[in-house]
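Hi everyone, thanks for making time. I'd like to walk you through one model this morning, so please have the viewer open and follow along.

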Amino acid sequence: MKRKTKKAPEQRNKDSSGQLSPALGLGLQGELGGLGPRRLSNSADIAIERPSPSYPVAKKSEGKILRPQYKEILRDPANSLHLINHPPLPVAGTPKDMDVHSARITRINKFKKILQATSISLTDLRAAAWSGIPEEVRAMTWQLLLGYLPTSSERRVGTLERKRKEYLDGVRQAFERSGNSSATPGKARGLDETIWHQISIDVPRTNPHLELYGYEATQRSLERILYVWAVRHPASGYVQGINDLVTPFWQVFLASYIGDSDIESGMDPGQLPKPVLDAVEADSFWCLTKLLDGIQDNYIFAQPGIQRQVAALHDLTARIDTPLAKHLEQQGVEFIQFSFRWMNCLLMREISVKNTIRMWDTYMVSISVFFSIWPN
């Protein structure tokens, strides 16, 4: 089904059973808003504050296919492991192609053996993930390395149900309308207007070159994740750059439910069943939280974490490339001037999302080791 542009918030879509369901319900009263000049209202329908933007429309021939077994994957990500199909070797493949193909299959099978264990060994998983994670097993591996999924297969289903429900309840609580009719405009919706205003500006500017992030469903989902995280972390609140950090999680977790893992184009999330979007959003929220728990001092007042990282980069450069360090000093170039964004966004604005995702495979291992030493 084609998604029409500039459609009213009550637009609905069909799920896999053919029944109509709200495209972005999540228990909210309408859509979320935030482009252009803002006006406040006492209405719980936040959509009235967003002018009608134009969203990309996925051509029918480009539509990615939802996995028929998505309900089983929703229940337990391990159910996706037996669905992995290895692409056949090209007919005209060279000996090198054969070696690469064989190595990839061997690597995937190594991860499957680790992930299908009743009690998963994080030591083995870290060792395998350091040099990269096959896309077929990346979502589950990230969730395990971050400590979001328990290593015990017996606890996995219950943990996912509880954490996803907790997030969706948090969304409803954050956006529900206050019962106080005398509240000031905007406050009647229960929103922190300062936080919401910045998020509503940043989300449409997130990965604007990728079609996936131009869709309405994507932007509403990112807004909810960021707002709920911000109100739960008042020490830092929302800081520009955090919007970038949620996107690898969102993209990787969404791809795990789609037959074609390349979802950067031709994939309108608003056409997917609501339970899938709910799960992707909740899982992304909790994994973003785990990531930021280790680097939250990057985003508190004066950002001391970033200051330390910039100083460490300066010291490292002085040791391994003294002429470069001296040249920058002679030219009056401070490391903070060019490396602040690197640290603030974990290099996400310097390289493509796909390359970022590969780099994060190794990040996840490092974070997993940190959490094992300093448990929450």
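I'll begin with the whole chain, then take a few helices, two loop residues and a pocket.

One thing up front: this is a predicted model. The protein chain contains 13 helices and two strands. Of its 376 residues, 49% count as buried. If we take the contacts with a separation of 6 or more, 69% of them are between residues 24 or more positions apart.

Let's start with H5, residues 153–175. This helix has 23 residues and reaches 34 Å from its first C-alpha to its last, close to the 33 Å expected at 1.5 Å a residue. The buried residues here include Arg156, Lys163 and Arg164, along with Val157, Leu160, Tyr167 and Phe175. And what covers the buried residues of H5? Among the covering elements are helix H1 (70–75), H4, helix H6 (193–202), H7 and H9.

Two residues of H5 make a nice pair to look at. Thr159 sits in this helix, and it counts as buried because its relative accessibility is 10%, and the cut-off is under 20%. Setting aside neighbours within four places in sequence, Thr159 is in contact with Tyr148 and Pro150. Glu161 is in H5 too, but with a relative accessible area of 54% it is exposed. If you click on Glu161 and then on Ala279, you'll find them 118 residues apart in sequence and 9.3 Å apart in space, C-alpha to C-alpha.

H7 was named a moment ago as part of the cover over H5, so let's go there. Helix H7, residues 216–232, has 17 residues and reaches 25 Å from first C-alpha to last, close to the 24 Å expected. How many of the 17 residues of H7 are buried? It's 15, so H7 is largely enclosed by the rest of the structure.

Now for H10, which runs from 304 to 320. It has 17 residues and reaches 24 Å from its first C-alpha to its last, close to the 24 Å expected at 1.5 Å a residue. Gly305, Ile306, Val310, Leu313 and Thr317 are buried in H10. Because these residues cover an arc of only 135 degrees around the axis, they lie on the same side of H10. The buried residues of H10 pack against helix H11 (322–330) and H12.

Just ahead of H10 there's a backbone detail to look at. Most residues other than glycine have a negative phi. Which sign does the phi of Gln303 have? It is positive, near 45 degrees, and this is a residue other than glycine. Gln303 is in the loop between helix H9 (274–293) and helix H10, and it is buried, with a relative accessible area of 17%.

Leu347 is another such case, with a positive phi near 70 degrees. You'll find Leu347 in the loop between helix H12 (335–344) and helix H13 (353–373). It is partly exposed, at a relative accessible area of 29%.

From that loop we can step across to Met359, which is found in helix H13. Apart from neighbours within four places in sequence, Met359 is in contact with Leu346, Leu347 and Ile351, so do show that side chain if you still have Leu347 on screen. Met359 is partly exposed, with a relative accessible area of 21%. Met359 and Met348 are 11 residues apart in sequence, and their C-alphas are 9.8 Å apart.

Last stop: the largest pocket. Its volume is about 790 Å³. There are 35 residues lining this pocket, and the closest to its centre are Glu135, Glu136, Ala255, Ser256 and Ser261. Which elements give two or more residues to the lining? They are helix H4 (138–145), helix H8 (242–255) and H13. By class, the lining has 16 nonpolar, eight polar and 11 charged residues. So H4 turns up in two places in this talk: in the cover over the buried residues of H5 and in the lining of the largest pocket.

That's my tour. Thanks for listening, and I'm happy to go back to any of these views.

How values were computed
Residues numbered from 1 in each chain as written. Predicted model: local features only at pLDDT ≥ 70, side-chain atom pairs only at ≥ 80, totals over all residues. Heavy atoms only, no water. Helix = DSSP H or I, 4+ residues; strand = E, 2+ residues; numbered from the N terminus. Buried < 20%, exposed > 50% of the residue type's maximum accessible area, 1.4 Å probe, protein only. 1 Å grid on protein atoms, 1.4 Å probe; cavity = no way out; pocket = protein on both sides within 12 Å on 5 of 7 lines; lining within 4 Å. Points joined across faces, edges and corners; volume = space filled by probe spheres on them. Nonpolar A, V, L, I, M, F, W, Y, C, P; charged D, E, K, R; others polar. Expected span 1.5 Å × (residues − 1). Arc of directions from axis to C-beta. Contact = heavy atoms within 4.5 Å.
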